[in-house]
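Visitor: I've got a fold on my screen and would like to learn how to read it feature by feature. Could you walk me through it?

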Amino acid sequence: MAVRAELHTNGCVVLTCSGVLTGRELINVTRSLVKQRSEGIRCLITDLTAVNVLKISTDELRAIVEEDKLLSAFAEPEMRVAVVAPLDFGFGLFRMWEVFAEKTGWRISVFRSRALADPWVQRTSESGYLQ
């Protein structure tokens, strides 16, 4: 599996992706968070640093957003969501997702590295997000 999800005790989720990442995998992991009724999610980081190939269509991006809208019913309002996408294709793809996902009410940003993403997410968490 190319996506590993970690739910931290303070409500932050880190999705670590690697290898070949498909849209179906992202849909499934988001759907699993919805099924678990992951209440109180405070932040979400999707890290694509170790992804070699992205196989995600525009339709799959829209399907991910539909799952995200369901998840937003359980997550903290205005939760921070960071996507780490060092490669140009992934960066552009997730900037498009950022536009689609505006309906969630989340504060979303796409970064080139975790070194840039982590402080942005950390700023809104009193106790830190990786506890």
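What follows is a chat about a helix, the cysteines, the cores, a cavity and a few single residues.

Guide: One thing before we start: this is a predicted model.

Visitor: Fine. Let's begin with helix α1: which residues does it cover, and what end-to-end span should I expect?

Guide: Helix α1 runs over residues 23–35, which makes 13 residues. At 1.5 Å a residue it should span 18 Å, and its end C-alpha atoms are indeed 18 Å apart, so expectation and model agree.

Visitor: Which residues of α1 are buried?

Guide: The buried ones are G23, E25, L26, I27, V29, T30, L33 and V34. Their cover includes three strands, β1 (3–7), β2 (12–22) and β3 (43–55), along with α2 (58–72) and α3 (88–100).

Visitor: And what follows the helix?

Guide: After α1 comes R37, with a positive phi near 50 degrees. Another residue to look at for its backbone is E78: its phi is near 55 degrees, again a positive value, and E78 is not a glycine. E78 sits in the loop between α2 and β4 (80–84). With 54% relative accessibility, E78 counts as exposed.

Visitor: On to the cysteines. How many disulfides are there?

Guide: The general idea is that a disulfide is a covalent bond between the sulfur atoms of two cysteines. Here the count comes to one disulfide. The partners are C12 and C43, with an S to S distance of 2.2 Å. The angle about the S-S bond is 125 degrees, and the link is right-handed. It ties together distant parts of the chain, since C12 is in strand β2 and C43 in strand β3, 31 residues apart.

Visitor: Are those two cysteines buried or exposed?

Guide: C12 has a relative accessible area of 1%, so it is buried. C43 is at 3% relative accessibility and counts as buried too.

Visitor: Why does C17 not form a bond with C43?

Guide: Because the distance is too great: the sulfur of C17 is 15 Å from the closest cysteine sulfur, which is in C43. A pair has to have its sulfur atoms within 2.5 Å to count as a disulfide. C17 itself is buried, at 1% relative accessible area.

Visitor: Now the inside. How many residues are in the largest nonpolar core, and which have the most contacts inside it?

Guide: As a rule, in soluble globular proteins, nonpolar side chains tend to be buried together. In this model the largest nonpolar core has 36 residues, and L21, L26, L48, F94 and W97 have the most contacts inside it. At least two core residues come from each of β2, α1, β3, α2, β4, α3 and β5 (107–111). Another core, of 10 residues, lies apart from that one, and C12, V14, F111 and W120 are among its residues.

Visitor: What does F94 touch, leaving out residues up to four places away in sequence?

Guide: F94 touches L26, L48, I56, V83 and V110.

Visitor: Packing is one thing, but where is there empty space?

Guide: Rolling a probe the size of a water molecule over the atoms shows where empty space is left. In this case the count is one cavity of 30 Å³ or more. About 120 Å³ of space lies in the largest cavity. Its lining is made up of L15, L26, T30, L44, T46, I64, D68, V81, V83, F94 and W97. The elements that give two or more residues to that lining are α1, β3, α2, β4 and α3.

Visitor: T46 is one of the lining residues. Where does T46 lie, and what does T46 touch?

Guide: T46 lies in strand β3. It is buried, with a relative accessible area of 8%. With residues up to four places away in sequence not counted, T46 touches L15, C17, A82, V83 and V84.

Visitor: Last one: where does A115 lie, and is A115 buried or exposed?

Guide: A115 lies in helix α4 (residues 114–122). At 63% relative accessibility, A115 counts as exposed. A115 and V84 are 31 residues apart in sequence, with their C-alpha atoms 9.4 Å apart in space. For another pair, take C43 and E98: they are 55 residues apart along the chain, and 15 Å separates their C-alpha atoms.

Technical notes: Residues numbered from 1 in each chain as written. Predicted model: local features only at pLDDT ≥ 70, side-chain atom pairs only at ≥ 80, totals over all residues. Heavy atoms only, no water. Helix = DSSP H or I, 4+ residues; strand = E, 2+ residues; numbered from the N terminus. Expected span 1.5 Å × (residues − 1). Buried < 20%, exposed > 50% of the residue type's maximum accessible area, 1.4 Å probe, protein only. Contact = heavy atoms within 4.5 Å. Core = buried A, V, L, I, M, F, W, Y, C linked by side-chain atoms within 4.5 Å. 1 Å grid on protein atoms, 1.4 Å probe; cavity = no way out; pocket = protein on both sides within 12 Å on 5 of 7 lines; lining within 4 Å. Points joined across faces, edges and corners; volume = space filled by probe spheres on them.
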